[in-house]
Amino acid sequence: MQEMTKKHNNLKILIAGGAVRDLLLGRSPKDLDYLIASGSPEEFLAAFPKARPVGKSYEIFYLKGLEFSFPRARGNDTEETIDLDLKARDVTVNSFALDEDGELYAHPNGLEDLRNRVLKKTRCVYSGRQPL
């Protein structure tokens, strides 16, 4: 996991989604998804030339069986981009990201909903469809 979240030039890559939820619950993640919070698809491909693009509604790449996605929404800086992406995910308990230093990013209601075992939709700012 740490190899993929290491800083690669302008790229900031975080573990995201259900994998972070599973870690917070003390479980081993079943699959790892990554959020590329800064940088461009071209920079990602330069750092990981074996990655293949698969996204239709936003930039998604597969590499070694892992999914790397660019944000569903972009902010003015990396922190705002992460925040917007988490708010654009499907449900609050899947709206987490973890960076290489162990810093946790969460939807404003994510931790409370996880603690209370409540499943709530996010207030989605992304208007595209998320492929399943």
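This note goes through a helix and a group of aromatic residues in a model that is predicted.

1. Helix H4, which spans residues 78-87, has Thr 81, Ile 82, Asp 85 and Leu 86 as buried residues. When the helix is viewed down its axis, these buried residues fall within an arc of 130°, so they line one face of H4.

2. As for what that face meets, the buried residues of H4 pack against strand E1 (12-16) and strand E2 (33-38), and also against strand E6 (96-98) and strand E7 (104-106).

3. The start of H4 deserves a separate look, since a side-chain oxygen of Asp 77 comes to within 3.3 Å of the backbone nitrogen of Glu 79 there.

4. Turning to the aromatic residues, Phe 44 sits in helix H3, which covers residues 41-47. Is Phe 44 buried or exposed? With a relative accessible area of 0%, against a cut-off of under 20% for burial, Phe 44 counts as buried.

5. The surroundings of Phe 44 can be listed residue by residue: leaving aside residues up to four places away in sequence, Phe 44 touches Leu 11, Ile 13, Ile 36, Ala 51, Phe 61, Phe 68 and Phe 70. For one of these contacts, that with Phe 68, the C-alpha atoms are separated by 9.5 Å, while the two residues are 24 residues apart along the chain.

6. The count of aromatic pairs in the model comes to seven. In the pair formed by Phe 44 and Phe 70, the ring centres are 6.4 Å apart and the planes stand at 85°, which is over the 60 degrees required, so the pair is classed as edge-to-face. This pair links distant parts of the chain, given that Phe 44 belongs to helix H3 and Phe 70 to the loop between strand E5 (66-69) and H4, 26 residues apart. Phe 44 and Phe 70 are both buried.

7. Phe 48 and Phe 68 form a further aromatic pair, and this one is stacked, with 6.2 Å from centre to centre and 25° between the planes. Because Phe 48 lies in the loop between H3 and strand E3 (52-53) whereas Phe 68 lies in strand E5, the pair ties together parts that are 20 residues apart in sequence. Burial applies to both Phe 48 and Phe 68.

8. Which residues do the ring pairs link into a cluster? The cluster consists of Tyr 34, Phe 44, Phe 48, Phe 61, Phe 68 and Phe 70; among them, Phe 61, Phe 68 and Phe 70 also appear in the list of residues that Phe 44 touches.

Definitions and conventions:
Residues are numbered from 1 along each chain as its sequence is written. This is a predicted model: local features need pLDDT of at least 70, side-chain atom pairs count only at pLDDT 80 or more; totals for chains, interfaces and linings use all residues. Side-chain values use heavy atoms; hydrogens and water are left out. Buried means under 20% relative accessible area, exposed over 50%, partly exposed in between (1.4 Å probe, protein chains only). Helices (H or I, at least four residues) and strands (E, at least two) are DSSP runs, numbered from the N terminus. The arc is that of the directions from the helix axis to the C-beta atoms. Contact means heavy atoms within 4.5 Å. A polar contact is a pair of N or O atoms within 3.5 Å; within protein, one must be able to donate a hydrogen and the other to accept it, and residues adjacent in sequence count only if both atoms are side-chain atoms. Rings of Phe, Tyr and Trp (its six-membered ring) pair if their centres lie within 6.5 Å; planes under 30 degrees apart count as stacked, over 60 as edge-to-face and the rest as tilted.
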